[in-house]
Amino acid sequence: MHAAFFLLLGASLARFLIRHPGDGRTPWIVALSAALALLYVLGPALGSRPTPRRLGWLGVVVAVWMVLVVLAPSFAWCAVPLFYTGLRTLPTRAALVLVALLTAFVVAAQLMLAEGVDPNLVVAPPAVAAVATAVFVHMQRQADRQRHLIDDLLRTRRELAATERREGTLAERQRLSMEIHDTLAQGLSSQQMLLQASERLWESDPAAARRHVRTAESIAERNLAEARRFVHDLAPAELAAGGSLPQALRALAARAAAESSLDVRLHVDGVPVALPDRVESALLRIAQGALANVREHAGARTAALTLTYLGDQIVLDVADDGRGFAAAGAESRDGRGHGLPAMRARVRQLGGTLTVESAPGEGAVLSAAIPLDPLEGAR
């Protein structure tokens, strides 16, 4: 559009000089043409917003052009680029008024150049102005619509990113809370029980008291290692050394028996297969939490861990012969309300199910079933 303006301005000036050689208006025409060209060049530096400087510039440009049209009607067609300049600068209604004014000048100039009344000279300029204005308004509306769509897209992306950050934070908090419950909290509870027992036996049976203290020390050392591992999101220590899940469960059963009077046994049914790391970690943590609840609250003499490989799923059962509990008290059996919810969260993340069966005086059975993908297990 800028190139068209200067082309029309140069053509109009050339036409005047060719048709009116030696005319007394020539110096004024040349000076006004140069001034109009200079003013038009300065326009982009003022921006496109309707600031006072921009509006003043537009008024001067239109005034100089009108004077040129009065002196030489051939400059009338420079109005087309000025249509767009006004439409970009002014509000829509004011711009339409300016376009109508410029069009009237073009019609008057064309009639001055014509030797008689030509209907085309009356109809053509308004038609051109209408088409030019319609095209600009349509393009402007399309641009505004695209700008709104882009703004909505950016806002949606920001909201989505914020939601993902919140979900990631909540997931990490849940992971840490489960790890803390299944390791540090249970270890601290065991240490407390052992230290209380050692205090009671300190005078009557010093040897047994020292054994309890040494056991509490080993639990503290193991909990420290576990804390470092889950802070770094590593596998449990029993699995990190390359051992299988049955081996880790067997070590867990032996340790639970050594730390208390509970007789813990492990049974493995089916043909063991390689399991995904996250499945092994989840089942081991569930076994730790279940045994901790049995040791602290069930008053049981024996507990049994049963790991069953069923091909399309793996099932871990933890049974005890303790005092049991009513079904309505399942969630609060551990006394803190975190054990069973944490186990359910672990199983749910893997697409499995967790069930608890118990009755007062009849012990309890906790069963965690996790489906397996054969291809993933083979990897």
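Here a student asks how the labels on this predicted model were earned, and the author answers.

Reader: What should I know before I start?

Author: This is a predicted model, with residues numbered from 1 along each chain as its sequence is written, and local features need pLDDT of at least 70, while side-chain atom pairs count only at pLDDT 80 or more. Totals for chains, interfaces and linings use all residues, and side-chain values use heavy atoms, with hydrogens and water left out.

Reader: How many helices and strands does the chain have, and what makes a run count as one?

Author: The chain has 12 helices and 5 strands. These are DSSP runs, numbered from the N terminus: helices are H or I with at least four residues, strands are E with at least two. Helix H10 covers residues 277-298 and has 22 residues, so it passes the minimum of four.

Reader: How do you know what span to expect for H10?

Author: The rule is 1.5 Å times one less than the number of residues. For H10 that expectation is 32 Å. From first C-alpha to last, H10 reaches 30 Å, which is close to it. Just after H10, Gly299 takes a positive phi of about 65°.

Reader: Why is Ser74 called buried?

Author: Buried means under 20% relative accessible area, exposed means over 50%, and partly exposed is in between (1.4 Å probe, protein chains only). Ser74 has 9%, so it counts as buried. Ser74 sits in the loop between helix H3 (52-71) and helix H4 (79-89). Its contacts, meaning heavy atoms within 4.5 Å, are with Ser12, Arg15 and Leu113, not counting residues up to four places away in sequence.

Reader: Why does Thr306 get its label, and what does it touch?

Author: Thr306 has a relative accessible area of 18%, so it is buried. Thr306 belongs to strand E2 (residues 302-309). Leaving out residues up to four places away in sequence, Thr306 touches His267, Asp269, Val315, Leu316 and Asp317.

Reader: Is Glu217 buried or exposed, and why?

Author: Exposed: Glu217 has 56% relative accessibility, and the label follows because the cut-off is over 50%. Glu217 is in helix H7 (residues 206-231). Its C-alpha is 9.8 Å from that of Leu194, 23 residues apart along the chain.

Reader: How much of H10, and of the chain, is buried?

Author: In H10, 19 of the 22 residues are buried. In the chain, buried residues make up 40% of the 379 residues.

Reader: What makes Asp23 and Arg25 a salt bridge?

Author: A salt bridge needs a side-chain nitrogen of Lys or Arg within 4 Å of a carboxyl oxygen of Asp or Glu. Side chains of opposite charge can pair when their charged atoms come close. Asp23 and Arg25 meet at 3.1 Å, N to O, so the pair qualifies. Asp23 is partly exposed at 22%, and Arg25 is partly exposed at 30%.

Reader: Which other pairs pass, and how many salt bridges are counted?

Author: The count comes to 4 salt bridges. Among them is the pair Arg147 and Asp144, at 2.0 Å, N to O. Both lie in helix H6, 3 residues apart, about one turn of the helix. Arg147 is partly exposed at 44%, and Asp144 is partly exposed at 27%. Another one is Asp263 with Arg265, whose closest N and O atoms are 3.4 Å apart. Asp263 is partly exposed at 30%, whereas Arg265 is exposed at 54%.

Reader: What makes Leu111, Val122 and Val123 a nonpolar patch?

Author: Patch residues have over 30% relative accessible area and no salt bridge; like charges are joined within 9 Å, and nonpolar side chains (Val, Leu, Ile, Met, Phe, Trp, Tyr) within 5 Å. Val122, in helix H6 (residues 119-201), has 38%, so it clears the 30% bar. Together the three residues have about 230 Å² of accessible area. Such areas come from the Shrake-Rupley method with a 1.4 Å probe; for residues, only the protein chains shown count as cover.

Reader: Where does the label "transmembrane region" come from?

Author: It comes from an unreviewed UniProt entry, which lists residues 26-43, 55-83, 95-114 and 121-139. Positions use the numbering here, feature names are shortened, and annotations may be inferred rather than shown by experiment. In the model, residues 95-114 are 95% helix and 0% strand, with end C-alpha atoms 29 Å apart. Residues 121-139 are 100% helix and 0% strand, with end C-alpha atoms 28 Å apart.
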